Amino acid sequence: MIKLLVVDDEFIERNILAQILTTHYHGDASVQCVENGRRAVDVANLWTPDVVLMDIEMPGLNGIEASRRILNNHPATKIIFITAYSLFSYAHEAVKIGVTDYILKPVEDQAVILAVEQALRQLEAQRQLEGFAQEANRMEAGDGTERAAQLIAKVQKYLKQNYMRYDLSLEKVSDLLGVNASYLSVLFKKYTGVNFVTYVTDLKINVAKRLLEDPLRPANEIAGMVGYESASYFTRAFKKRTGMTPTEYRQSHPEES
């Protein structure tokens, strides 16, 4: 059963989110609600939720710090920020601690479900990748090499679901699999035709292109949403891939009416 934790100091907001989730998932999800960051950390430590929907602005322990503490103890848990403001002012911290997504208040049913489904897909991709660790070890030893293509397909799925993580790296994925990073690098290039860094960068830039077509999203916010801690680094990477800065790309690709 899916475990979902709702954290918001506003009673009405908690109830709205809980109702959206229980209505959509029926008996497939267990939903708990708490009113502050400290309770969220305590419940997460005891219950280990799959996804936490966390208000950022709460008295006492705010959403940023509560999320950091939860992820320190349970790095697989997915965090979705709920905020009345654009993520712009929080983008750096959100990316740094590994937050999955954010939703603006007042929340809309579809936005909530889309964000939770995305988080669950990320979680499933990571679990499948970890489940392949034993197979990966046998392949590295020369046994069962016919499964190599399947392994790389799992890695690709994991990357597509986790491109927004600032700490996404060959070393991180190889640690999940329990294999040598150099071995995974060679295998990845063999089956995808590109190296790991190029593949991940292309994922990030392609998503950024779509986001840039929305004129209301600041480029700094988009940098955070696709997993760059620094807006200047994002600009350099974007220009290297496309020949244009994010601003130039946006001007040449106006939003369709």
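Two strands count as paired if DSSP finds at least two bridges between them. Keep that in mind as we walk through this predicted model, starting with its sheet. Strands β1 and β2 run parallel and are joined by six bridges, so by that cut-off they pair. One of the contacts to look for is V6, whose bridge partner in β2 is C33. To get from β1 to β2, the chain passes through helix α1 (residues 11-25), and this β-α-β crossover is right-handed.

Now zoom out a little. The open sheet has five strands, in the order β2-β1-β3-β4-β5, with parallel pairing. The strands at the edges are β2 (29-34) and β5 (101-104); each has a single partner strand, so one side of each is left without a neighbour in the sheet. If you ignore direction, neighbouring strands are turned by 20° against each other on average.

Let's step across the sheet. From β1 we reach β3, again in the parallel sense, this time over four bridges. Here V6 turns up again, with L53 as its bridge partner in β3, while V7 has M54 as its partner in that strand. Next comes β4, which runs parallel to β3 and is joined to it by five bridges. Across this join, M54 stands opposite F81 in β4. The last step takes us from β4 (residues 78-83) to β5, a parallel pairing over four bridges, where I82 stands opposite I103.

What about the helices around the sheet? Helix α2 (residues 37-47) lies across β1, β2 and β3, and it runs at about 165° to β1. Helix α3 (residues 63-73) packs on the sheet too, touching β3 and β4, and its direction makes about 175° with that of β4. Together, β3, α3 and β4 make a right-handed β-α-β unit.

How many residues of β3 are buried? Five of its five, so to speak a mostly covered strand. In a regular strand, side chains alternate between the two faces of the sheet. You can follow that idea along β3: V51, L53 and D55 point one way, V52 and M54 point the other way, and all are buried. Strand β1 is largely enclosed by the rest of the structure, because five of its six residues are buried.

That brings us to the packing inside. In soluble globular proteins, nonpolar side chains tend to be buried together. Here the largest nonpolar core has 62 residues, and those with the most contacts inside it are M54, F81, L159, V173, L177 and F234. Helix α10 (residues 196-212) gives the most to this core, with nine residues. Apart from it lies another core, of 20 residues, including V51, L53, V107 and V116.

M54 is a handy residue to click on, as we have already met it in β3. Leaving aside residues up to four places away in sequence, M54 touches V7, A40, G63, A66, S67, I70, I79, I80, F81 and I82. Among these are V7, its bridge partner, and F81, which stands opposite it in β4.

Finally, have a look at helix α5 (residues 109-131). It has 23 residues and reaches 33 Å from its first C-alpha to its last, close to the 33 Å expected at 1.5 Å a residue. Its buried residues include V112, I113, V116, L120, L123 and L129, along with the polar-looking names Q118, Q122 and Q126.

Terms used: Residues numbered from 1 in each chain as written. Predicted model: local features only at pLDDT ≥ 70, side-chain atom pairs only at ≥ 80, totals over all residues. Heavy atoms only, no water. Helix = DSSP H or I, 4+ residues; strand = E, 2+ residues; numbered from the N terminus. Expected span 1.5 Å × (residues − 1). Buried < 20%, exposed > 50% of the residue type's maximum accessible area, 1.4 Å probe, protein only. Core = buried A, V, L, I, M, F, W, Y, C linked by side-chain atoms within 4.5 Å. Contact = heavy atoms within 4.5 Å. Axes fitted to C-alpha atoms, helices over the stretch in contact; angles between N-to-C directions. Right-handed = clockwise from strand over helix to strand, strands pointing away.
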